[in-house]
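Open the model in your viewer and keep the sequence panel in view. The tour goes from one selection to the next and says what is found at each stop.

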Amino acid sequence: FSADSRRRRRRRHEYDSLTFFAHQIVSGRIATTLTFRLDKLTYIYINIKQLASLFRIMCVQSKTSTRQATVTAMHKDDQYIGLLKPWVLTPNTQIDKDKEYFTVATWGTMHSLRIFKFAWLTSKIGKQLHSEGSGLIGETRQVTNWGFSDCRGETFTVWQKREDMASFYRLGAHKNAMISMKDDVSFRVRRVWVKGSDLPTPGDYESNKAFVLRIKRGDFPEAIKKT
């Protein structure tokens, strides 16, 4: 090869090397830029996803809070007496007219499709409720329908002692019913002290109705649990 040819080949090689080196630098910068942008986009996507999740949680909490407030207002305003069952007094119960008895009024609203399950479970509770040694003095209950999504079940029970009620609620059929219906019924409870002289007379519908209305109106002193 001539000297000129060798010089041209050398310059061509140097040019190719520089071009390759420049290409590597540019490619690296592009790759770095793309990686940075992808990382940034991923970061933004994760934050948007987290914000969306937080928004959904806030919406659910807000909806739940609104529902709970609505149910509380419904319970407070409910003074209705419908198909109230007769007052049932536990056999051989001696009533002290001057003694205050622990009384519990439960109130729950549910979808009408749940009422059959509710009735079946409460029928099983009734057998345990009136069993010997339960501590129950007497009880009445009612079911009212205010619409397809608002069927209400109420119970009014009077106990010898608060501890008797607590034992009954924690065991057996009642505990199973509460677990089974916890997602179906929105419950509210009143706990009050009632004197023996204020209890209904068995077989007297009017005295039973008056007793339930007094509980609903808040005429009896609240049974605040001592801490």
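**Stop 1: helix H2**

Select helix H2 and colour Phe116, Trp120 and Lys127: these residues are exposed, on the other side of the helix from its buried ones. Bear in mind throughout that this is a predicted model.

Now colour the buried set of H2, which consists of Ile115, Phe118, Leu121, Thr122, Ile125, Gly126 and Leu129. Looking down the axis of H2, you will find these buried residues within an arc of 155°, so they line one face of the helix.

What covers the buried residues of H2? Show E2, E3, E4, H3, H4 and E5, which are included in that cover.

The length of H2 can be checked as well. The helix has 15 residues, which at 1.5 Å a residue should span 21 Å; the C-alpha atoms at its ends are 20 Å apart, in agreement with that figure.

**Stop 2: the largest pocket**

Keep H2 on display and turn to the largest pocket, which holds about 390 Å³ of space. Its lining is made of 21 residues, and Thr106, Thr155, Tyr169, His174 and Met178 are the closest to the pocket centre.

Which element gives the most to this lining? H2 does, with five residues. To see the elements that each supply at least two lining residues, select strand E2 (100–110), helix H2 (115–129), strand E3 (136–145), strand E4 (151–159), helix H3 (162–170), helix H4 (172–181) and strand E5 (185–195).

Colour the lining of the largest pocket by residue class: 12 residues are nonpolar, six are polar and three are charged.

**Stop 3: Val143**

Next select Val143, in strand E3. Is Val143 buried, exposed or partly exposed? Its relative accessibility is 39%, and it therefore counts as partly exposed, since that class lies between the cut-offs of under 20% for buried and over 50% for exposed.

Show the contacts of Val143 beyond four places in sequence: Leu83, Ile115, Cys151, Arg152 and Gly153. One of these, Ile115, was among the buried residues of H2.

Then draw a C-alpha to C-alpha distance from Val143 to Ile81. The two are 62 residues apart in sequence and 9.4 Å apart in space.

**Stop 4: Lys209**

Ile81 also leads to the next selection, as Lys209 is in contact with Ile81 and Leu84 when neighbours within four places in sequence are set aside. Lys209 belongs to helix H5, residues 205–217. With a relative accessibility of 29%, Lys209 counts as partly exposed.

A second C-alpha to C-alpha distance can be drawn here, from Lys209 to Trp87: 9.3 Å in space, with their positions 122 residues apart in sequence.

**Stop 5: the cavity**

How many cavities of 30 Å³ or more does the structure hold? There is one. The volume of the largest cavity is about 40 Å³.

To find the largest cavity, select its lining: His75, Ala105, Thr106, Trp107, Glu154, Phe156, Arg190 and Lys216. E2 and E4 are the elements that give two or more residues to it, and E2 has the largest share, three residues.

By class, the lining of the largest cavity has three nonpolar, two polar and three charged residues. End on Thr106: this residue lines the largest cavity, and it is also one of the residues closest to the centre of the largest pocket.

Terms used:
Residues are numbered from 1 along each chain as its sequence is written. This is a predicted model: local features need pLDDT of at least 70, side-chain atom pairs count only at pLDDT 80 or more; totals for chains, interfaces and linings use all residues. Side-chain values use heavy atoms; hydrogens and water are left out. On a 1 Å grid over the protein atoms alone, a cavity is a set of points where a 1.4 Å probe fits but cannot get out, and a pocket is an open set with protein on both sides within 12 Å along at least five of seven lines; lining residues have an atom within 4 Å of a point. Grid points are joined across faces, edges and corners, and a volume is the space filled by probe spheres set on the points. Helices (H or I, at least four residues) and strands (E, at least two) are DSSP runs, numbered from the N terminus. Ala, Val, Leu, Ile, Met, Phe, Trp, Tyr, Cys and Pro count as nonpolar, Asp, Glu, Lys and Arg as charged, and the others, Gly among them, as polar. Buried means under 20% relative accessible area, exposed over 50%, partly exposed in between (1.4 Å probe, protein chains only). Contact means heavy atoms within 4.5 Å. The expected span of a helix is 1.5 Å times one less than its number of residues. The arc is that of the directions from the helix axis to the C-beta atoms.
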